[in-house]
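Reader: I have a structure open and would like to go through it slowly with you. Could we take it one topic at a time?
Author: Gladly; let us begin once it is on the screen.

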Number of protein chains: 4
Amino acid sequence: MATETQTAEQTSQRLTDATTKASSESIKDRYRRVRELSMRIAAPLSAEDCAIQSMPDASPTRWHLAHTTWFFETFLLKERPGFAPFNPSFERLFNSYYNSVGQPFPRNRRGQISRPGLNETIDYRRHVDDAVTELLSESELSPSQLSVLELGLNHEQQHQELMFTDVKHALASNPLHPIYAEDPFDSTTAPKASPLRWRSSDETIVEVGHDGNGFAYDNEGPRHRELIHPHQMASRCVTNREYLEFIHDGGYRQPEYWLSLGWDAVNQHGWEAPLHWISQNGDWHQFTLSGVRPLVLDEPVCHVSYFEADAFARWSGKRLPTEFEWEHAASGDTTGEIFCDKLLQSGGVVHPRVTGDSDFLGNVWEWTASQYLPYPGYRPVGGALGEYNGKFMCNQFVLRGGSCATSSDHIRLSYRNFFPPDARWQFAGIRLAQ
Amino acid sequence: MATETQTAEQTSQRLTDATTKASSESIKDRYRRVRELSMRIAAPLSAEDCAIQSMPDASPTRWHLAHTTWFFETFLLKERPGFAPFNPSFERLFNSYYNSVGQPFPRNRRGQISRPGLNETIDYRRHVDDAVTELLSESELSPSQLSVLELGLNHEQQHQELMFTDVKHALASNPLHPIYAEDPFDSTTAPKASPLRWRSSDETIVEVGHDGNGFAYDNEGPRHRELIHPHQMASRCVTNREYLEFIHDGGYRQPEYWLSLGWDAVNQHGWEAPLHWISQNGDWHQFTLSGVRPLVLDEPVCHVSYFEADAFARWSGKRLPTEFEWEHAASGDTTGEIFCDKLLQSGGVVHPRVTGDSDFLGNVWEWTASQYLPYPGYRPVGGALGEYNGKFMCNQFVLRGGSCATSSDHIRLSYRNFFPPDARWQFAGIRLAQ
Amino acid sequence: MATETQTAEQTSQRLTDATTKASSESIKDRYRRVRELSMRIAAPLSAEDCAIQSMPDASPTRWHLAHTTWFFETFLLKERPGFAPFNPSFERLFNSYYNSVGQPFPRNRRGQISRPGLNETIDYRRHVDDAVTELLSESELSPSQLSVLELGLNHEQQHQELMFTDVKHALASNPLHPIYAEDPFDSTTAPKASPLRWRSSDETIVEVGHDGNGFAYDNEGPRHRELIHPHQMASRCVTNREYLEFIHDGGYRQPEYWLSLGWDAVNQHGWEAPLHWISQNGDWHQFTLSGVRPLVLDEPVCHVSYFEADAFARWSGKRLPTEFEWEHAASGDTTGEIFCDKLLQSGGVVHPRVTGDSDFLGNVWEWTASQYLPYPGYRPVGGALGEYNGKFMCNQFVLRGGSCATSSDHIRLSYRNFFPPDARWQFAGIRLAQ
Amino acid sequence: MATETQTAEQTSQRLTDATTKASSESIKDRYRRVRELSMRIAAPLSAEDCAIQSMPDASPTRWHLAHTTWFFETFLLKERPGFAPFNPSFERLFNSYYNSVGQPFPRNRRGQISRPGLNETIDYRRHVDDAVTELLSESELSPSQLSVLELGLNHEQQHQELMFTDVKHALASNPLHPIYAEDPFDSTTAPKASPLRWRSSDETIVEVGHDGNGFAYDNEGPRHRELIHPHQMASRCVTNREYLEFIHDGGYRQPEYWLSLGWDAVNQHGWEAPLHWISQNGDWHQFTLSGVRPLVLDEPVCHVSYFEADAFARWSGKRLPTEFEWEHAASGDTTGEIFCDKLLQSGGVVHPRVTGDSDFLGNVWEWTASQYLPYPGYRPVGGALGEYNGKFMCNQFVLRGGSCATSSDHIRLSYRNFFPPDARWQFAGIRLAQ
């Protein structure tokens with residue numbers, strides 16, 4: 001296969017070709033639209049909301065706003081003649097993990113830095129936006145510049161999802177349970193979940209991974225053949241109602257349902273339910289971005305770790321699908337409606353919804369049984385951007401399909417998200433296979 | 001001695017009598033003056049500056065503003081008929097360590113709470129200030145109310161000092177080294193330190209502790225007799241110049257100068273100089289509240305731990321004074337000028353100054369060789385306020401004299417400050433004895 | 001596929017059939033032979049050598065001797081009428097991780113228990129051996145008993161390997177570098193490593209996993225089809241000489257060769273070379289079971305973590321093979337000579353040797369790029385023994401092929417060993433693919 | 001005072017003079033007697049019992065045997081012409097904390113070292129004993145040699161007490177509860193504790209500290225004057241019966257009785273009773289060196305931390321005495337009977353006994369309210385031996401009087417033992433004052 005000897009330059013070329021052809025929206029409009037969404041997500045938050053970090057894995061909103069800007073400054077603007085940084089200290093301060101760029105500021109101390117404040121951060125964004133816009137107006141971008149720009153926009157969309165999950169975690173840590181935004185949603189009129197059905201698949205060889213049309217991360221390729229074993233896939237995700245049965249049946253108290261590391265996590269953290277579930281006088285409630293409200297039983301279960309997804313599956317006598325089974329099963333799926341951009345547009349809050357059958361995309365990320373490993377022939381691109389994905393391919397599990405916090409133009413069937421098996425603060429749920 | 005059987009009520013009585021007689025300033029004016037100083041300290045800070053917590057021992061400025069207010073609300077207003085809390089959740093959120101009042105919010109997570117924000121916190125202060133002012137206008141306060149009010153004001157003054165040291169630590173943690181306030185001070189015109197002289201004292205029995213005139217904390221009493229052994233006391237504190245000799249002589253690399261726990265701390269934290277010292281191209285600079293500036297050699301050394309003070313003394317062939325030697329030696333001292341209220345009034349920044357001989361009070365706290373233990377006959381007052389001081393009498397060392405961050409009306413010769421031996425973020429320096 | 005609905009009973013049946021047919025050696029002889037090897041491994045050790053635990057992941061030799069005995073007592077003897085335990089406390093003391101049997105004694109405290117001592121432990125072994133021998137003489141074992149017996153013997157062989165690696169770690173921790181056994185081996189006459197060649201494979205579908213003839217662990221099945229992508233496999237493992245080039249080229253100082261978690265491990269532990277390498281006056285030596293000796297450059301590199309194997313591969317521009325590529329490539333390999341039973345028999349010490357081309361089995365375990373996950377249709381057996389393998393299928397990597405510390409009758413092409421990616425104390429080396 | 005300018009040489013002189021005059025027993029006999037007691041303490045233990053370390057603060061018996069020998073080798077024999085070490089590696093291996101001698105082997109890893117084994121350790125002792133005996137026969141020892149010899153014997157006696165408490169902790173950690181030695185003691189015939197009486201003292205100035213007659217540690221001097229405040233001292237220590245009342249009254253569940261750090265310790269470790277107390281079916285038992293037996297209510301409470309002693313005192317409405325009040329009160333006391341040498345001689349086991357009134361010395365150490373600080377004019381001796389005591393004068397509390405594990409010729413009224421406030425594994429109890 002050609003991809004096995006593919007070089008970094010070729011990858012860059014491939015991404016670029018795809019990008020320039022993909023959309024009727026001008027790149028300038030797209031840049032503005034994506035960048036504005038970040039500001040819109042931050043809009044309901046106070047300066048202090050944007051400053052805090054409620055756990056080492058989460059980052060302050062203000063840091064997200066600055067780091068996504070730093071990406072464009074560092075990888076797109078810095079190489080231009082006459083470039084002057086907005087503030088030379090920002091290079092270190094807003095580097096996330098690119099060792100090749102320099103020693104990043106320690107991740108777990110991002111919430112201990114009060115300056116630059118929110119206003120100065122917005123100035124920083126504006127400054128870089130002006131420079132990028134000027135660049136886009138001035139001249140035709142080189143393929144490698146276009147490729148970096150596209151990567152930067154997708155990178156920002158990833159961070160937009162983290163802005164939601166991180167700030168949700170931060171607000172939830174506050175005993176006052178502050179509200180991010182009011183939600184007009186009336187849970188009493190929510191529809192019922194559709195009955196669970198099983199879709200069979202025979203053994204087959206399928207092509208998986210990204211086909212090179214349009215943008216994709218390097219970890220989605222090379223496209224290659226995988227052998228799918230005979231299996232059945234659930235028609236929809238597990239609901240809160242089904243998950244409650246697992247809890248009531250003592251799921252969190254029986255080691256036999258759990259991986260050994262999972263059982264350690266249950267005991268160490270005292271897990272008794274998904275994250276953001278709150279027991280009040282014997283009734284389960286959920287902390288949401290619009291405050292605490294009674295658990296809606298037909299909604300898909302959310303904010304579970306891989307360990308919980310796996311334990312639930314074992315308790316059910318089923319298993320989680322592999323990422324290739326998932327990609328194969330989802331292949332007929334059309335994009336759903338439960339995405340952050342669509343929810344915001346309709347005045348809704350970012351939260352999972354009861355959906356029907358065809359819900360592989362959006363709503364909740366779906367944990368797969370696949371650990372996050374490189375595809376055959378995978379090679380990271382050279383230079384600092386090569387640190388983007390490859391170096392995290394260890395001890396993480398793949399999630400597929402996007403969530404209610406993902407932008408609808410940021411998801412693909414080949415998209416591989418990944419988190420450690422104890423991570424719970426993402427909008428992650430469960431689809432079963434057998 | 002009567003004090004041995006003294007009851008909590010008697011203590012309260014004693015404090016009150018003292019208070020009401022102590023000052024020509026009305027209690028209402030005094031309340032306003034002290035409360036306003038807190039707001040003045042916070043004035044140069046952004047909402048984000050007030051939100052962050054740069055280490056578990058420090059607290060956000062906003063927390064200090066709220067907690068000092070909580071103190072008046074909880075101990076003065078709550079018992080009044082018709083009392084309604086500003087926000088019932090604040091009881092837990094802004095409790096520091098009073099187990100009798102309820103389970104405090106975890107100290108090391110104070111920087112992870114974004115609400116109430118700065119503005120709401122200021123509203124909270126105003127609300128409580130109005131209620132207290134109303135109380136003061138309405139009626140004669142009972143002795144016990146007066147006593148709590150006085151304690152609350154002293155409590156707030158203590159926190160004012162912590163606001164300076166905590167925010168200094170927070171700003172210093174930021175690679176941008178932000179400036180709290182510009183300082184007109186010109187270090188090149190600083191005077192020279194006076195020559196070190198030794199003042200001898202023969203064996204004698206002295207009365208130490210507070211005499212009951214005016215306010216004092218319970219840990220300053222009962223006044224009692226102590227035997228002072230013959231000794232000599234240094235006429236001034238150790239200077240940066242003298243401390244540099246210790247560094248140059250390998251002081252931080254030789255275990256024989258250090259207590260065993262101190263040597264552990266040196267190695268664990270990689271100490272090579274006092275906190276806030278910065279080596280730039282071979283020259284020592286200091287991070288101050290007005291930014292980074294060259295070390296002023298004649299200023300008293302500051303931001304050292306007990307371990308460093310003790311190691312320096314051992315290297316010098318001297319020792320630290322006991323708290324009773326200190327109180328005896330300082331007894332002729334008049335209040336100095338290097339206090340936070342006086343510095344702010346004259347437009348200066350809170351930072352130690354080169355001083356002359358008579359500097360027992362103000363400038364820098366002075367570590368003593370005395371571990372923090374109760375005086376003979378000491379009994380904490382009853383109830384929640386009994387948790388104020390007594391329960392910390394273990395593994396801490398006494399500091400005496402106040403600092404440039406202390407209010408001049410908050411210090412006394414009998415005042416016992418205390419910190420663990422590895423604490424460095426206070427304005428603490430060294431006076432030798434032999 | 002039938003295996004997908006396979007029940008625990010069927011698994012048990014399958015193992016049993018295989019076992020009874022597999023060998024001309026009587027089960028009684030085999031039991032004696034395997035049990036005696038454990039005693040032989042412990043023979044050169046003092047009572048104290050057998051007592052210590054040099055890290056939480058390792059166990060004292062005495063614990064291995066007792067735990068392997070506990071396995072037979074608990075799973076084979078306990079169900080017999082009239083059974084009386086040798087000592088009722090041993091049930092908890094020598095349980096490793098079977099939560100269904102009861103709360104195990106904490107793993108990291110195994111080295112803090114001095115009793116039962118070595119002599120009593122040997123009595124315990126003898127007592128159980130007598131009872132098992134009696135059982136074997138008395139009557140035909142049931143299939144399920146035979147299955148447990150076979151599992152117990154394989155379990156003991158696994159622990160025999162750990163006895164070598166754990167005691168090697170313990171002796172290496174001692175600054176005296178004690179010798180386990182003298183070795184007649186003369187490194188100056190060691191042969192040269194054969195030149196590295198690459199063997200190509202086209203895309204193909206292969207059957208992998210155990211075929212049911214003879215004993216296998218449950219994690220080796222079900223046998224199933226896997227798609228192999230085109231690749232090339234190295235003809236032999238990486239040598240110390242080749243690994244030294246990586247070190248000299250700054251391999252341990254450049255983050256770009258490392259997985260993110262691997263780079264953390266390098267920095268946290270200060271790794272600069274494989275475990276048991278010792279730099280003396282600029283020359284590399286190795287601590288071996290026969291003491292410290294100069295590094296033999298043609299021997300396969302050993303005692304590396306997955307992180308180091310992966311970093312070396314990235315530095316080489318190659319990668320590690322998947323476990324299926326490995327199983328496919330090794331399929332023509334005949335059993336080698338570098339196994340613990342054969343080495344002991346010839347008076348040699350357990351240590352890797354320079355070998356020729358056909359060395360997939362024995363010598364050093366080979367890290368694969370495959371995280372340890374269940375095969376399609378895998379189901380753990382029911383009951384306590386179901387905890388044997390399945391619950392560890394998370395955040396570990398598969399190693400294949402056995403090592404110089406493995407018994408030659410304990411290895412198979414389908415054998416899946418697994419360790420976390422930072423484990424270094426096993427005899428684990430590196431084979432490259434591309 | 002002369003002592004303020006006292007030099008190390010003078011200290012050495014003083015100790016020596018005292019030593020040579022103190023006893024009719026020849027120094028050679030005394031050396032043999034003390035050294036033999038160590039072997040006698042180890043006699044009931046297996047090689048494995050002597051190897052293990054059940055917590056970082058404890059050491060293996062074998063390490064005690066070797067370290068006390070190392071002391072004589074390093075400080076007495078090493079300076080002799082023609083000296084050859086028994087094993088050069090032992091210098092580092094058996095150094096406890098003398099940084100001046102070299103980097104000690106990490107304390108918390110002493111239980112991970114299996115060699116030298118018990119037999120080789122005994123050889124080491126014999127080797128050094130022969131050399132010391134030869135030295136004693138050959139020639140008159142110099143004053144400084146005599147001083148070191150005396151220090152070495154006292155040092156060994158200190159470690160003999162630790163051998164008891166460390167091995168008790170180790171055996172107690174074993175679920176089998178092994179017995180160190182059978183005890184003929186019949187608890188049902190134990191006498192009743194005498195009624196508690198209070199002995200009053202007026203304010204007075206007393207001389208405290210060692211007077212220079214006979215051996216003393218440097219931390220017991222200089223002898224100096226202290227002011228004693230009026231107080232009352234309990235006639236005997238607190239009994240198990242009295243301590244049980246505290247437990248039954250919720251003592252371990254009420255924060256108001258506890259120092260802040262003490263309350264943290266209670267919660268962190270889950271303390272509910274003194275160390276070695278075991279609740280069986282609602283009845284309290286005690287693990288002793290002769291196994292588990294019912295709690296004897298009239299015995300003094302033992303194995304409590306300073307935190308527990310202090311909390312008990314606060315609950316009682318009393319306090320702990322200062323070390324000077326204790327020394328003053330004990331001054332008329334004659335040596336008691338409950339010491340390790342006397343108990344062993346009479347065939348008893350090392351364990352506290354019900355005693356009468358005059359029990360300041362022996363039985364249980366008594367926590368005082370005094371933190372461990374230097375006396376006025378204290379200076380450590382020069383050189384490595386100067387590290388003996390002084391460097392630990394921080395965050396520890398003084399205990400007085402010796403215990404059932406102390407040798408009767410190793411205790412003095414001026415003897416200052418010291419432990420951190422959370423230490424519980426010593427034979428430490430409580431005497432009240434008010």
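Reader: Which comes out for chain B and chain C, touching or not touching, and how far apart are their nearest C-alpha atoms?
Author: Chain B and chain C do not touch, and their nearest C-alpha atoms are 14 Å apart. Please keep in mind throughout that this is a predicted model.

Reader: And what about chain A and chain D?
Author: Chain A and chain D do not touch either, with 14 Å between their nearest C-alpha atoms.

Reader: Okay, then how many residues does the contact between chain A and chain B take from each?
Author: That contact takes 31 residues from chain A and 33 residues from chain B. The area buried between chain A and chain B is about 2,400 Å², and carbon and sulfur atoms give 54% of that area. On the side of chain A, E48(A), R115(A) and L176(A) supply 29% of the area that this chain buries against chain B, which is more than any other three residues supply.

Reader: Switching to chain A by itself, how many helices and strands are there?
Author: Chain A has eleven helices and eleven strands. Its radius of gyration is 22 Å, close to the 22 Å that the globule rule gives for 434 residues, so chain A is as compact as a globular protein of that length. Along the principal axes, the C-alpha trace of chain A spans about 65 × 55 × 40 Å.

Reader: What share of chain A is buried?
Author: Buried residues make up 63% of the 434 residues in chain A. If we look at contacts in chain A between residues at least 6 apart in sequence, 80% of them join residues at least 24 apart.

Reader: How many charged side chains of each sign does chain A have?
Author: Chain A has 40 positive and 56 negative side chains, and the centres of these two sets lie 1 Å apart.

Reader: New topic: where is the cis peptide bond in chain A?
Author: It joins G221(A) and P222(A), with omega at about -5 degrees, and P222(A) sits in the loop between β2 (204-208) and β3 (224-228) of chain A. In chain D, the peptide bond from R115(D) to P116(D) is cis as well, with omega near 0 degrees. P116(D) belongs to the loop between α4 (90-93) and α5 (118-138) of chain D.

Reader: Why do you point these out?
Author: Because most peptide bonds are trans, and, in a similar way, most residues other than glycine have a negative phi. N363(D) has a positive phi of about 75 degrees although it is not a glycine, and N395(D) has a positive phi near 60 degrees.

Reader: Are those two asparagines buried or exposed?
Author: N363(D) counts as buried because its relative accessibility is 3%, and buried means under 20%. N395(D), with a relative accessible area of 13%, is buried too. N363(D) is in the loop between α11 (340-345) and β8 (365-371) of chain D, whereas N395(D) is in the loop between β8 and β9 (397-400) of that chain.

Reader: Last one: what does F105(C) touch?
Author: Leaving aside residues up to four places away in sequence, F105(C) touches R92(C), L93(C), N95(C), R110(C) and I113(C), together with S173(D) and P175(D). F105(C) lies in the loop between α4 (90-93) and α5 (118-138) of chain C, and F105(C) is buried, with a relative accessible area of 5%.

Technical notes:
Residues are numbered from 1 along each chain as its sequence is written. Chains are lettered from A and ligands numbered from 1 in the order in which they are written. This is a predicted model: local features need pLDDT of at least 70, side-chain atom pairs count only at pLDDT 80 or more; totals for chains, interfaces and linings use all residues. Side-chain values use heavy atoms; hydrogens and water are left out. Helices (H or I, at least four residues) and strands (E, at least two) are DSSP runs, numbered from the N terminus. The radius of gyration is taken over C-alpha atoms; the globule rule is 2.2 Å times the number of residues to the power 0.38. Buried means under 20% relative accessible area, exposed over 50%, partly exposed in between (1.4 Å probe, protein chains only). Contact means heavy atoms within 4.5 Å. Lys and Arg count as positive and Asp and Glu as negative; His and the chain ends are not counted. The place of a charge is taken as NZ of Lys, CZ of Arg, CG of Asp or CD of Glu. Buried area is the accessible area (1.4 Å probe) that two parts lose on being put together, summed over both.
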